[in-house]
Amino acid sequence: MNPQVESLKKPSEPKSETRRRSLFLKGVVQGVGFRPFVYGLAQRYGLKGWVNNSSAGVAIEVEGKTEAIEEFTAELTRKTPPRARIESVEFEDLNPVNFFSFAIRPSTEEAGRYQLISPDIATCPACRQEIFNPSDRRYRYPFTNCTNCGPRFTIIEDIPYDRPKTTMAKFIMCPACQEEYENPANRRFHAQPNACPLCGPRIILADSQGTPLAVRDPITEAIGLLRQGKTLALKGMGGFLLACDARNSLAVQRLRQRKQRPAKPLAVMLKDLATVKEHCRVEAEEEKLLQAPESPIVLLPWKEDSSIVSGVAPGQKYLGVMLPYTPLHHLLFRESGMALVMTSGNRSEEPIAKDNEEAFSRLGGIADAFLIHDRDIYVQYDDSVAAVVNGQSTIIRRARGYAPFPVRLPFSLRPILACGAELKNTFCLARDQYAFISQHIGDLENLETLNHFQRTIEIYQKIFRIQPELMAYDLHPEYLSTKYALSLPGKKIGVQHHFAHLVSCLAENGREGPVIGLTFDGLGYGTDGNLWGGEFLVGDYRSFARKAHLENIPMPGGTAAILHPWRMALSYLYTLMGQESALKHLNLFSPGQGEKIRVILQQIDRRINSPLTSSVGRLFDAVSALLGLCPSISYEGQAAMELEMIADVNEEGAYEFFTTDEDGKEIIRLRPLIAGILEDLEKGVERSVIAGKFHNTLIQIAVFICQKIRDEGGPKKAALSGGVFQNRLLGERMKAALEKAGFEVLTHRLVPCNDGGLSLGQAVIAHFSEA
Ligand SMILES: [Zn+2]
Ligand SMILES: [Zn+2]
């Protein structure tokens, strides 16, 4: 978004020869080399005056020739330092006061004001050169940084962003570092994490118990361990990562066993772009994304002949790849040339570990050794995950490099806390035009993650000076985020899950609606007490109507049906095709489960612990299990993902469906779909063809329903939201098909389409509510 440049008051007199202009800039303008940039610019145009940081932004006064001042103002927003993001510029022209020189004045603090904080930034090219230059004083120094790169958000304890309020406070700069820090012409001028081997943090190699090892060179030693197939816990920017050799099957297997993560895809870090291209196909947009300062994990098409072992991402067509983003990574890779698995340092679904002692106790049974350092991490966050979808970079997990930069909305919000959902939780704190969406918190299913959630809310409230007057929560009564919201004092509003998805997509696109929201996901609590997830809603920021949905199917055993997709398959068969057909096809997915099946059919009949669901995610599960792909899962979305991966992208056929009207709602009936799949299975049709036809059917359903809604006077715009749209085959083709049918289609780019983007929608709905 372009900054708003706004003149507060024009000079009353006609253009005079010299004048003074006072400017105020908001945005990410601190800790990114902005004052030296202003200083240099003022010098270049021969202007006198001053610049300083305040709690709300950067203030400037310049005095000189009118033309020079105009050009200075234009350059300010045109040639900003790489990591600065200017949100707005206000200026006012005044009478000259004859400044003597141009000065950088001390920072000023104003109570209650806040500023945007830069996310952490991948090592810049200049710093990279220094650590590989044997004659540089930072040669091989793993904590090299400057105003264009290095840690930011992870080390900030409070604002204004100055060294005493960061975890760097305990390191006293040596004279050489101090000189850089004070010199406006230096690229380390006011670089708060500035450090060198003499005065800054150090790395230590420790054994699996956390006892420091007396080694000459911890990095070389760590590389040796990785080469032997050991698992290394590595303290990084936002927390600990677990690393092992991605070309060693045994090493990968061992890491999976210890981390209790049997199948979920792991990310890899590779030395450079050339190495990435050995393993993956990379388009120009993806190259840009890989090398961006945010340095996310990018999902890339994985080459058949890659030497990275299949156990890294079993059954996947895509591999999550990132490039080194700290000096320590660069050193490890330059000197080893290895391909490394890099996954969050946690046990299964707990939050990422950030402190040394915590890591020793939590990762002790997983890591063979620890590469740690003595710079504390104040705020932890995971690596972000992104992909290029429809030619645009799209966030799937929003954390390092992105948070806490807000989404800017075209309207001003009251102070609101939206608590998000349960899985892939994020929260959103809003004020003014900003929606501060937290980094990915994780699945709120255990105490550790709940504590992480609460602590991070407190940090955001403190740093952005937000006292929420309204709390938004999901309608699901069992979500820990819901219980947390309800335990707070003050006004609250419950927001339906899929309505929040729809509004999240509208808001990040800066649109108001109304729109047809196709919200396809795993589950969300509906206003009728059923579990929704295959929804066609028509809505805007204020309200929604449920126009159509998949027919309701029992989920026998509740959570058990999520963990064991074959239960969903059985339920679909039994509910839609009848007992005879169900029993006839049992061999498809559940060899030797006779007794269990009898119990499940009873559960369905008597509606015992069998909530009804219209979820597309559960339909994916059922089809996946019918094809024998994934009778049970070990991570969320596994069955659906495996079905996407085998689908024949050249298949053009589809299955039948029909709709019925129920109290003005279209109910999408799926009996012909299930019957068609069974028929194909009997005929011995390839599973890849069946999976392809299944995807096409969903696309035809979407176009059919949207056209019907439009024909009845509904919107000509559609918004795609919900975790199911992480399926690129489905998402890209559905968008194209709807566009071909004359719809404008909105999708997510800035926040995830999954529940990680939900809090944004909740916040906007709360703002426009009567509460
Ligand atoms: Zn740098
Ligand atoms: Zn130093």
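**View 1. Four strands make an open sheet in this predicted model.** The strand order is E18-E17-E19-E20. Pairing within the sheet is mixed. Strand E18, residues 428-437, stands at one edge, and strand E20, residues 491-495, stands at the other. Each has a single partner strand, so one side of each is left without a neighbour in the sheet. From one strand to the next, the twist averages 60°.

**View 2. Strands E17 and E18 pair in the antiparallel sense.** Strand E17 covers residues 407-418. Six bridges link E17 with E18. Two pairs of facing residues can be picked out here. Leu417 has Leu429 of E18 as its bridge partner. Leu413 stands opposite Asp432, again in E18. How much of E18 is covered? E18 is mostly covered, with eight of its 10 residues buried.

**View 3. Helices H11 and H12 pack against the four-stranded sheet.** Helix H11 spans residues 447-463 and lies across E17 and E18. H11 runs at about 160° to E18. Helix H12, residues 480-487, touches E17, E20 and strand E19 (470-474). The direction of H12 makes about 155° with that of E19.

**View 4. Pro477 sits in the loop between E19 and H12.** Is Pro477 buried, exposed or partly exposed? Its relative accessible area is 41%, so Pro477 counts as partly exposed. Leaving aside residues up to four places away in sequence, Pro477 touches Thr482, Lys483 and Tyr525. A longer view takes in Gly594, which is 117 residues from Pro477 along the chain. The C-alpha atoms of Pro477 and Gly594 are separated by 35 Å.

**View 5. A second open sheet is built from 10 strands.** Its order is E7-E14-E8-E9-E13-E10-E12-E11-E15-E16. The pairing is mixed here too. Which strands stand at the edges? They are strand E7, residues 203-207, and strand E16, residues 392-397. Each of these edge strands pairs on one side only.

**View 6. Strands E10 and E13 run antiparallel inside the 10-stranded sheet.** E10 holds residues 268-269, and E13 holds residues 340-344. Two bridges join the strands. Met269 stands opposite Leu340 of E13.

**View 7. Helices H5 and H9 lie across strands of the 10-stranded sheet.** Helix H5 is made of residues 218-227. H5 lies across E7, strand E8 (232-235), strand E9 (240-245), E13 and strand E14 (369-373). The angle between H5 and E7 is about 40°. Helix H9, residues 327-336, lies across E7, E8, E9, E10, E13 and E14. H9 runs at about 140° to E8.

**View 8. Four cysteines hold the zinc ion (ligand 1).** Which atoms are the protein donors? They are the SG atoms of Cys124, Cys127, Cys146 and Cys149, lying 2.3 Å from the zinc ion. The site is tetrahedral, with angles of 103 to 119° among the four donor atoms. Along the chain, the donors follow the spacing C-x2-C-x18-C-x2-C. Cys124 lies in the loop between strand E6 (102-104) and helix H3 (125-131). Cys146 lies in the loop between H3 and helix H4 (175-182). The pair therefore ties together parts that are 22 residues apart in sequence. Cys124 and Cys146 are both buried. For Cys146, the relative accessibility is 0%.

**View 9. The zinc ion (ligand 2) also has four cysteine donors.** The donors are the SG atoms of Cys174, Cys177, Cys196 and Cys199. They lie 2.2 to 2.4 Å from the zinc ion. Why is the arrangement tetrahedral? The four donor atoms subtend angles of 105 to 117°, which makes it so. The ideal angle for four tetrahedral donors is 109.5 degrees. The donors of ligand 2 are spaced C-x2-C-x18-C-x2-C along the chain. Cys174 is buried, with a relative accessible area of 10%. Cys177 is buried as well, at 0% relative accessibility. How many disulfides does the structure hold? The number is zero.

Terms used:
Residues are numbered from 1 along each chain as its sequence is written. Chains are lettered from A and ligands numbered from 1 in the order in which they are written. This is a predicted model: local features need pLDDT of at least 70, side-chain atom pairs count only at pLDDT 80 or more; totals for chains, interfaces and linings use all residues. Side-chain values use heavy atoms; hydrogens and water are left out. Two strands pair if DSSP finds at least two bridges between them. Axes are lines fitted to C-alpha atoms, for helices over the stretch in contact, and angles run from 0 to 180 degrees between N-to-C directions. Contact means heavy atoms within 4.5 Å. A disulfide is a pair of cysteine sulfur atoms within 2.5 Å. Buried means under 20% relative accessible area, exposed over 50%, partly exposed in between (1.4 Å probe, protein chains only). Donors are N, O and S atoms within 2.8 Å of the metal (3.2 Å for Na, K and Ca); water is not among the atoms, so sites may look incomplete. Four donors count as tetrahedral if all angles lie between 85 and 135 degrees; four count as square planar and six as octahedral if opposite donors are over 155 degrees apart and all others between 65 and 115; anything else is irregular.
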